[in-house]
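User: I am new to this structure and would like to be walked through it. Could we begin with the terms?

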Number of protein chains: 2
Amino acid sequence: MFDAAESPTESAPSPLLCAGGSQPATSHRLESLLSGLPLQRRRLRSRQYVFHAGQPRQHLYLVHAGFFKTCLGSEDGRERITGFRMRGDLLGIDSLDLASHSCDAVALDFGEVWEIPVAQLQNGLPGFQECLTAALANEIRRDWSWMLALATLNAEQRVVTFLLDFAVQMERLGFSPRCLLLRMSRADLANFLSLQLETVARVLSRLQGRGLIDVARREIRIEDRAGMLALLSGLH
Amino acid sequence: MFDAAESPTESAPSPLLCAGGSQPATSHRLESLLSGLPLQRRRLRSRQYVFHAGQPRQHLYLVHAGFFKTCLGSEDGRERITGFRMRGDLLGIDSLDLASHSCDAVALDFGEVWEIPVAQLQNGLPGFQECLTAALANEIRRDWSWMLALATLNAEQRVVTFLLDFAVQMERLGFSPRCLLLRMSRADLANFLSLQLETVARVLSRLQGRGLIDVARREIRIEDRAGMLALLSGLH
DNA sequence: CGATAACTTGAAGTTCGTCAATATCCGTGG
DNA sequence: CCACGGATATTGACGAACTTCAAGTTATCG
């Protein structure tokens, strides 16, 4: 059943956008690993916190439905969204070795998470530890890829990269990759992309003006994926 | 000896600069865990690669001496330094679940790394898996903290943050926290801080002009730590 | 249906990047 | 040991991209 536990099969993933990323294998495996267990489920409404930074860390959470964001704050009030999380993603892995959470996790709409009793499963459930390790390493690679993007791309390219990446993830979840419904506000999106919300709005308008996308508030239709990819290659 | 294996003791760490960070406990524990084992050691000279992105991942590496950088590249030639690594840091954890490395690891000067046969130790060495998990989670928190810094601080504040953070790390390694010897070029530093090397040079000169630091090429003496911290608080 | 939040758009301002010239260091070889 | 050349670092002037401030529009929720 899990004889492949020790044999990683994929080569290093290219940063973002690579359709067949390494995320699916892992997260699907985790979901199926856990699906039999009687896990506590928590439903949340928009803006509800799964946990706050500083709260004692009891368990991990697996996102089963809905969209979430994780946010890091500093003493002097600066804030940054560290990622948008969706079905199959884990909330709380960043503080797996700590007594309390190091970030906030907030629902962006209605959602459901499964409480995972880590300590028990690490010993009792074969393959679970491997999943955890994979999820952690995956998060690191994902963070690094975004750091690279933020460091080297201009505002337009960042937005395009985000949209195309989001499309890939939506497709992975079984939705259309052309018709995106952003769950986050412009402010959240801007924060994640290290831009001002006005800049994001302007870029979206500009992309629409060129016929690359169709924007209606938080609904975004991708009209010309090739054209968007061209923007990333620098061939304006 | 290691009865504390299952009890995380620290609360969530504040981003950067917090002197008593969570890194030391972990890395020291890993070093002592491994110190008895007959590990393969590799000495490297400046600019030598520990591994390249894409190479098959055989083992992990523990930095025992010297300084290293890890770099992520993209197909179109963009590059970003994901971190500077020193004694006690692990090289290669980011691809723990993959068959090949996802980044480069390069020596910045003479150095030594220990080859860690992960698969064997994960089963055979009690406490090792916990160390790995802690190192992974630690890397995520560190990455997030830098993302926050890069997203919210201006050029001057970024450089100051880096210097103060570097000082803390040097002190942890037993060196003076006032007298820093940067092992990386201005270009590397700029890359890591998402700035241009000219900007870094200018900022360093400006800080020196105000008497906050003393710059001599790669030797930097911290003259007024309080003044530097004030810059971060926004009270110019 | 009104009020508040979310978003869009414009104009002015600032920081940082770009280009270019110069200076300094360091290793190599004469 | 010194001289030379390439790498590394500093400094200046200019311009561009993004931010800031402000006003106006459109949704959303009580």
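Analyst: A residue is near a molecule or strand if one of its heavy atoms lies within 4 Å of it. This is a predicted model, in which local features need pLDDT of at least 70 and side-chain atom pairs count only at pLDDT 80 or more, while totals for chains, interfaces and linings use all residues. Residues are numbered from 1 along each chain as its sequence is written, chains are lettered from A and ligands numbered from 1 in the order in which they are written, and side-chain values use heavy atoms, with hydrogens and water left out.

User: Which part of DNA strand D lies within 4 Å of the protein, sugar or phosphate, or bases?

Analyst: Of the DNA strand D atoms within 4 Å of the protein, 68% belong to sugar or phosphate, and the rest belong to bases.

User: How many residues surround DNA strand D, and which are the closest?

Analyst: DNA strand D is surrounded by 20 residues. The closest are A:A155, A:T199, B:R186, B:R202 and B:S205.

User: What about the phosphates of DNA strand D?

Analyst: Three side chains can be named here. An N or O atom in the side chain of A:T199 is 2.4 Å from a phosphate oxygen of DNA strand D. For B:R186, a polar side-chain atom lies 2.7 Å from a phosphate oxygen of the strand, and for B:R218 the distance from a side-chain N or O atom to a phosphate oxygen is 3.0 Å.

User: Which element gives the most to that surface?

Analyst: That is α6(B), with 5 residues. Helices (H or I, at least four residues) and strands (E, at least two) are DSSP runs, numbered from the N terminus. Both α6 (197-209) of chain A and α6 (197-209) of chain B supply at least two residues of the surface near DNA strand D.

User: And the makeup of the surface by class?

Analyst: The surface near DNA strand D has 5 nonpolar, 6 polar and 9 charged residues. In this scheme Ala, Val, Leu, Ile, Met, Phe, Trp, Tyr, Cys and Pro count as nonpolar, Asp, Glu, Lys and Arg as charged, and the others, Gly among them, as polar.

User: Now DNA strand C. Which residues come nearest?

Analyst: There are 19 residues around DNA strand C, and A:R186, A:S205, A:R218, B:A155 and B:T199 come nearest. A polar side-chain atom of A:S205 lies 2.4 Å from a phosphate oxygen of DNA strand C. The side chain of B:E198 has an N or O atom 3.2 Å from a base nitrogen of DNA strand C.

User: Where does the largest share of that surface come from?

Analyst: It comes from α6(A), which gives 5 residues to the surface near DNA strand C. By class, that surface divides into 4 nonpolar, 6 polar and 9 charged residues.

User: Changing topic: what is the strand order in the open sheet of chain B?

Analyst: The order is β9-β11-β10, with 3 strands and antiparallel pairing. Two strands pair if DSSP finds at least two bridges between them. β9 (179-181) and β10 (213-216) of chain B stand at the edges with a single partner strand each, so one side of each has no neighbour in the sheet. From one strand to the next, the twist averages 15°.

User: How are β10(B) and β11 joined?

Analyst: They run antiparallel, and 4 bridges join β10(B) to β11 (residues 219-222) of chain B. B:A216 stands opposite B:E219, and B:I213 has B:I222 as its bridge partner. The two strands form a hairpin with 2 residues between them, and B:R217 in the turn has a positive phi of about 60°.

User: Which residues of β10(B) are on the covered face?

Analyst: The covered face holds B:I213 and B:V215, and the uncovered one holds B:D214 and B:A216.

User: One more residue: is B:Q169 buried or exposed?

Analyst: B:Q169 is buried, with a relative accessible area of 10%. Buried means under 20% relative accessible area, exposed over 50%, and partly exposed in between (1.4 Å probe, protein chains only). B:Q169 lies in helix α4 (residues 155-172) of chain B. Leaving aside neighbours within four places in sequence, B:Q169 is in contact (heavy atoms within 4.5 Å) with B:M86 and B:R142.

User: Finally, how many helices and strands does chain A have?

Analyst: Chain A has 7 helices and 11 strands, and 54% of its 236 residues count as buried.

How values were computed: A polar contact is a pair of N or O atoms within 3.5 Å; within protein, one must be able to donate a hydrogen and the other to accept it, and residues adjacent in sequence count only if both atoms are side-chain atoms. Axes are lines fitted to C-alpha atoms, for helices over the stretch in contact, and angles run from 0 to 180 degrees between N-to-C directions.
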